Amino acid sequence: MSDSHDNGHEHVPSRQRRRFPGISSRAYEHPADRSALVALRKLSGFDTVFKALSGLLPERSLRLLFLSDSVRVSDRQFAHLNVMLRDACYILDLEKVPAMYVKQDPAPNAMCIGLDEPIIVVTTGLVELLDEEEMRAVVGHEVGHALSGHAVYRTILLFLTSLAVRVAWIPLGNVAIMAIVTALREWFRKSELSADRAGLLVGQDLQASMRGLMKIAGGNHLHEMNVDAFLEQAEEYEASGDLRDSVLKILNVLPRSHPFTTVRAAELKKWAASREYQRTMDGHYPRRDEDKDTSVRDSFRESASHYATHVRSSKDPLMKLVNDIAGGAGDLGDRMRRGFGGFAGSQPRPPKDGDGPAEGPGGSQGPEGPGSDGSDGDNGSGGPRSPRDGSPRDGA
């Protein structure tokens, strides 16, 4: 479908965008977000149970509030947003177009909420801040939330946060609920990264997505900002400081529902350069009719692998420490699996002239000399070799 529309609001050249018939939200979901959603979808009657609780949730109240005190997007009101919304649903093959409202609020913001029928809300601050292509990415972001079913779980998160306040007087009641809320917030931050990817699939303009995030962070001053410098901030944020800063980063992000803007930009650029994104753009992506066959175990394994890779590659001081500790534990576990000889092999007795093969513990000869991995235990400088790859181990 072309985005050429004679509505008086289109300020960019029309162009053909790729469409993704039958696309599953798994195509763009962050691994941690995907594993949680796959598990929840596998729970029989999960949506039915939570929709039965809709009387306890503020959905009806919110729907009436936006209907009465906001402007509903249609072909007669904010027609250019209506075109974007319908195009986004067409590109992601979302059959039922969600209702969309514009709310008077100078703060730039957008959200997708609701259990039975998701609704999208954007503020006037956001509409006035972004240009057409940047806004298209935001609309695609919110439609991505709707396609994934994030609206269901976000509403539950709002409910639990409210419940935590009500049970604060119960001993440990607030602590228990806030522990669940903290975990949900971590998942929801990952769902925002998923929705950013959906926005890119809809807008199909990485620079526009980047500009939108920059404007949300720094306002409508593009002539004063630079995408590369903005991304460098994300690298500096991750790598700078010491363990104290790492702890402060965790404390700063815990109460947030969204990742920091520079982090979102860096994550989106990384995904746009990935083989996964390219395959999706080429038409090779998971299909919605295959969702029922998705393995929960495989999804959790993929999520665990992602976090492990993140820890190994992270420049954050705390993550480096965790990686070093995990590496040391891995060495210890490897030696224990190989038996006591694995420990003895780390400090072999240098062979003397005329000596036969060195003996193992208790006087018994090992199968391959002093090290059970077949190494001679000497790296040429008198230091022990790493049991993994035979290279000298750094003392740090």
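These legends go with close-up views of a predicted model.

**View 1. The four-stranded sheet and its edges.**
Four strands make up an open sheet, lined up in the order β1-β2-β4-β3 with mixed pairing. The edge positions go to β1 (71–72) and β3 (110–113), each with a single partner strand, so one side of each has no neighbour in the sheet. As a reminder, strands of a sheet pair through backbone hydrogen bonds, either parallel or antiparallel.

**View 2. From β1 across to β2.**
Here we zoom in on one edge of the sheet. β1 and strand β2 (residues 99–103) run antiparallel and are joined by two bridges. To find your way around, look for V71, which sits opposite V102 in β2.

**View 3. The parallel pair, β2 and β4.**
Moving across the sheet, β2 and β4 run parallel, with five bridges joining them. A handy landmark is Y101, whose bridge partner in β4 is V121.

**View 4. Out to the other edge, β4 and β3.**
Strand β4 (residues 119–123) pairs with β3 in the antiparallel sense, over four bridges. C112 is a good place to start, since you'll see I120 of β4 opposite C112.

**View 5. A buried salt bridge between helices α4 and α6.**
Searching the whole structure turns up ten salt bridges. One of them pairs D87 with R136, and their closest N and O atoms are 3.9 Å apart. D87 belongs to helix α4 (residues 79–91) and R136 to helix α6 (residues 132–148), so this pair ties together parts that lie 49 residues apart in sequence. Both D87 and R136 are buried. There's more going on around them: a network of salt bridges links R17, D87, E133 and R136.

**View 6. Helix α9 meets helix α6.**
K215 and E134 form a salt bridge, with 2.9 Å between the closest N and O atoms. This pair connects distant parts of the chain, as K215 is in helix α9 (residues 206–218) and E134 is in helix α6, 81 residues apart. K215 is buried, and E134 is buried too.

**View 7. Helix α8 meets helix α12.**
In this salt bridge, between D196 and R264, the closest N and O atoms are 2.8 Å apart. Once again distant parts of the chain are linked: D196 is in helix α8 (residues 173–203) and R264 is in helix α12 (residues 261–272), 68 residues apart. Like the pairs in the two views before, D196 and R264 are both buried.

**View 8. A negative patch on the surface.**
Now for the outside of the model. D228, E232, E235 and E236 come together on the surface as a patch of negative charge. E236 is part of helix α10 (residues 227–239). With a relative accessible area of 56%, E236 counts as exposed, because the cut-off for that label is over 50%.

**View 9. A nonpolar patch on the surface.**
V247, L248, I250, L251 and L254 make up this nonpolar surface patch, and together they have about 410 Å² of accessible area. I250 sits in helix α11 (residues 243–253). Its relative accessibility is 39%, so I250 counts as partly exposed.

Key. Residues numbered from 1 in each chain as written. Predicted model: local features only at pLDDT ≥ 70, side-chain atom pairs only at ≥ 80, totals over all residues. Heavy atoms only, no water. Patch = residues over 30% accessible without salt bridge, like charges linked within 9 Å, V, L, I, M, F, W, Y side chains within 5 Å. Areas by Shrake-Rupley, 256 points an atom, 1.4 Å probe, with all protein chains shown as cover. Salt bridge = Lys/Arg side-chain N within 4 Å of Asp/Glu carboxyl O. Lys, Arg positive; Asp, Glu negative; His and termini not counted. Charge placed at Lys NZ, Arg CZ, Asp CG, Glu CD. Buried < 20%, exposed > 50% of the residue type's maximum accessible area, 1.4 Å probe, protein only. Pairing = 2+ DSSP bridges.
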